[in-house]
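Dear colleague,

I am handing over the structure we spoke about, and I would be glad if you kept it open while reading the notes beneath it.

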Amino acid sequence: MGLVAAAAIVTGCDSQQPDTAKLTDTKANAAARIKAGKAARTKAAAKVKANELGQIPVLMWHRIVPKPQTTDDRSPEQFRADLERLVREDYVPITAAEMVAGKINIPAGKHPVVLTFDDSSPSQLTLNEMGVPQKDTAVAILKEVAAKHPGWRPAATFYVTRDMFGKTVREEQAQALLWLKDNGFEIGNHTRDHLNLRGRSQKEVEEQIGTIGKQINSLSYTNPTTIALPYGNQPRKKEWALRGKQYNHQGAFLAGYTPAPAPFSKSFDAAGIPRIKVMEKKGDCAQFCSAAWLDWLKSNPDMRYTSDGDVSTVAYPKYKAPYLRKSFATWSLPY
Ligand SMILES: [Zn+2]
């Protein structure tokens, strides 16, 4: 069959005179079209002041509870206000996995933000008997805010330990993880026992990360591609968090205290990506938590990541060129 088909095609070609003039013309047109396309994309990027080498806030929440007990807790009201501020200031969520993969697919002029939740507590995700998230859990509030603001995608990353949202029965653990997966949320690795990995042997580090990764996979058929390190502490060799016999992560996230470099920027380090605690400007948070950093990013637009709306390019003002990571040169769109 293949041979017959091939013969027919050859015959078809032979029956026509090649029109070289026309071919050349088409080629020239194609080149012109590509050039015009690039010019249009450059113009569009300049118009929205795209800066895809700018910094990205990776925000870190723990429990969402009515009566916050530590500065890691937020009340449902506070969490709603946290999200509403992001909407107002043109931030659109992406997952941690999308960030480290450089898959930042958000509209032109918008800024990416990564929403992360540590420790897999029931206050983040509890499903009722109908499989619907309970009111005032983190996922319910995320969905509620997204419904109020069409186009605002409720993407987030949940860093899971053996606590598994308070579920001890295997089927209930699977329900929770599969709900996250089915609703477009990312399931990340936060180690099994939430131990400080600093100073531990490679064997212990790999066991802490590998066993929970395996459990997540057996429950939800997903392998985590990112990890959040307990207390933000890296193991003796930071690469141990990324790669082990049983796991392969594209990014390891810390616990403090600055916005993160763009994945296209030279300063990006996949083994140690900073996050920001969500809190008002007071006490220890006067300078290095979310309210302070969001203020700073707002008043320093040249430092903040702004998308050109085209996921296939890395657009930035020409003077930022020295900060581009060489491996992304093919996609670069300086203006
Ligand atoms: Zn934690």
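The notes below take up the zinc site, then the nonpolar cores, then one helix and the disulfide.

Please bear in mind that this is a predicted model, in which local features need pLDDT of at least 70 and side-chain atom pairs count only at pLDDT 80 or more, while totals for chains, interfaces and linings use all residues. Residues are numbered from 1 along each chain as its sequence is written, and side-chain values use heavy atoms, with hydrogens and water left out.

The zinc ion has as its protein donors D119 (OD), H190 (NE2) and H194 (NE2), lying 2.1 Å from it; donors here are N, O and S atoms within 2.8 Å of the metal (3.2 Å for Na, K and Ca), and since water is not among the atoms, sites may look incomplete. Along the chain these donors follow the spacing D-x70-H-x3-H. Distant parts of the chain are linked in this way, with D119 in the loop between β3 (111–118) and α5 (138–148) and H190, 71 residues apart from D119, in the loop between β5 (186–189) and α7. Helices (H or I, at least four residues) and strands (E, at least two) are DSSP runs numbered from the N terminus. D119 is partly exposed, with a relative accessible area of 24%, whereas H190 counts as buried at 1%; buried means under 20% relative accessible area, exposed over 50%, and partly exposed in between, with a 1.4 Å probe and protein chains only.

The largest nonpolar core (buried Ala, Val, Leu, Ile, Met, Phe, Trp, Tyr and Cys residues joined through side-chain atoms within 4.5 Å) has 39 residues, and those with the most contacts inside it are L83, L115 and L180. The largest share of this core, 6 residues, comes from α5. Leaving aside neighbours within four places in sequence, L115 is in contact (heavy atoms within 4.5 Å) with residues including L59, W61, L83 and W152.

Helix α7 covers residues 202–220, and its 19 residues should span 27 Å at 1.5 Å a residue, which agrees with the 27 Å between its end C-alpha atoms; the expected span is 1.5 Å times one less than the number of residues. Among the buried residues of α7 are V205, I209 and I216, and the helix is followed by Y221, whose phi is positive, near 55°.

Finally, a search of the whole structure finds 1 disulfide, a pair of cysteine sulfur atoms within 2.5 Å. C285 and C289 form it, with their sulfur atoms 2.1 Å apart, and both cysteines are buried.

With best wishes
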